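Hello,

Here is the structure I promised to pass on to you. Have a look at it first, and then read on for what turned up in it.

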Amino acid sequence: MERGKRLAIMIETAFMAALSFILGFLEFGGPWLAGGSISFIMVPIFLMAFRRGWKAGLATGFLAGMLQLLQGATIVHPVQLVLEYPIAYTVLGFAAIFTTHAVFRERIPYLLMLIGIVFGALLRYIDHFVSGVIWFGSYAPEGTPVVAYSALYNASYLIPQTIITVIILFVIAKYRPKFFDQPKWK
């Protein structure tokens, strides 16, 4: 890959990670006492993944996760720190494995985008679910199984966040499809 193109991708990755961080502040309130919220944080990560490929998506997610960590994370264990922040956002970049930039030239691949977004969000959900079972089980109401608590708790904000993300990305794809038609990393 030529140097100028690589530099452009690195700058775009940094910009999208910063945008993700900023959009993380635009959140909808909810009953989540142990973390989690409904926000727009995933939109730029998925945008970057679909625009530049899975490597750029992973890099954007990693940087966004690190920025989230610096914002003021709930840390109870070093492994939990890694799971809940860098890894949870990094895995969103895998959404790009379901489509290529060439597909956007022919048509808008709504179904492939949906599968990719749901796949990335599911990976993030699994990450938070495991962390919830291991480290946040004490928040479960008495008599509630920790596994059920973690499953419902994390689904309560990730499902709405994923739906909102899908809607926003579909609107962008419909009205600005050329945004996604970029060459991917080789």
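A word on terms before we start: helices here are DSSP runs (H or I) of at least four residues, numbered from the N terminus. By that count V146 lies in helix 7. Please keep in mind that this is a predicted model.

Let me stay with V146 for a moment. Its relative accessible area is 29%, so V146 is partly exposed, as partly exposed covers the range between 20% and 50%. Leaving aside residues up to four places away in sequence, V146 touches G132, V133 and G137. The C-alpha atoms of V146 and F136 are 8.4 Å apart, with these positions ten residues apart along the chain.

**How the helices pack**

Two helix pairs are worth a look on your screen. How do helix 1 and helix 3 pack? Helix 1 covers residues 3–23 and helix 3 covers residues 54–72; their axes are 8 Å apart and meet at an angle of about 40°. The two helices are therefore oblique to each other, because an angle of this kind falls outside the ranges for roughly parallel (under 35 degrees), roughly perpendicular (65 to 115) and roughly antiparallel (over 145). The crossing of helix 1 over helix 3 is right-handed. On the helix 1 side, the contact is made by I9, T13, A14, M16, A17, A18, S20 and F21, and on the helix 3 side by A56, A59, T60, L63, A64, L67, Q68 and Q71. Sorted by class, that contact has eleven nonpolar and five polar residues, and no charged ones.

Helix 3 also packs with helix 2, at an angle of about 160° and with the axes 7 Å apart. Helix 2 and helix 3 are therefore roughly antiparallel to each other. Here too the crossing is right-handed. Helix 2 contributes P44, I45, M48, A49 and R52 to the contact, while helix 3 contributes W54, A56, G57, T60, G61 and A64. These residues divide into seven nonpolar, three polar and one charged.

**The nonpolar cores**

Which residues touch the most other members of the largest nonpolar core? They are F46, F50, M113, L169 and F180, in a core of 23 residues. Two or more residues come from each of helix 1, helix 2 (42–52), helix 3, helix 4 (78–90), helix 6 (110–135) and helix 7 (146–175). Helix 2 gives the most, with seven residues. If you click on M113, you will find it touching F50, F104, I108, L169, F170, A173 and F180, not counting residues up to four places away in sequence. There is also a second, separate core of eight residues, which includes I38, A140, Y153 and Y157.

**Two more residues to look up**

L114 is found in helix 6 and is partly exposed, at 33% relative accessibility. L114 touches V166 and F170, again not counting residues up to four places away in sequence. The C-alpha atoms of L114 and A96 are separated by 11 Å, and these residues are 18 apart along the chain.

G30 sits in the loop between strand 1 (27–28) and strand 2 (38–39). With a relative accessible area of 46%, G30 is partly exposed. Its C-alpha atom is 8.4 Å from that of Y157, although the two residues are 127 apart along the chain.

Happy browsing, and best wishes!

Terms used. Residues are numbered from 1 along each chain as its sequence is written. This is a predicted model: local features need pLDDT of at least 70, side-chain atom pairs count only at pLDDT 80 or more; totals for chains, interfaces and linings use all residues. Side-chain values use heavy atoms; hydrogens and water are left out. Axes are lines fitted to C-alpha atoms, for helices over the stretch in contact, and angles run from 0 to 180 degrees between N-to-C directions. A crossing is left-handed if the near helix is turned anticlockwise from the far one by less than a right angle, and right-handed if clockwise. Contact means heavy atoms within 4.5 Å. Ala, Val, Leu, Ile, Met, Phe, Trp, Tyr, Cys and Pro count as nonpolar, Asp, Glu, Lys and Arg as charged, and the others, Gly among them, as polar. A nonpolar core is a set of buried Ala, Val, Leu, Ile, Met, Phe, Trp, Tyr and Cys residues joined through side-chain atoms within 4.5 Å. Buried means under 20% relative accessible area, exposed over 50%, partly exposed in between (1.4 Å probe, protein chains only).
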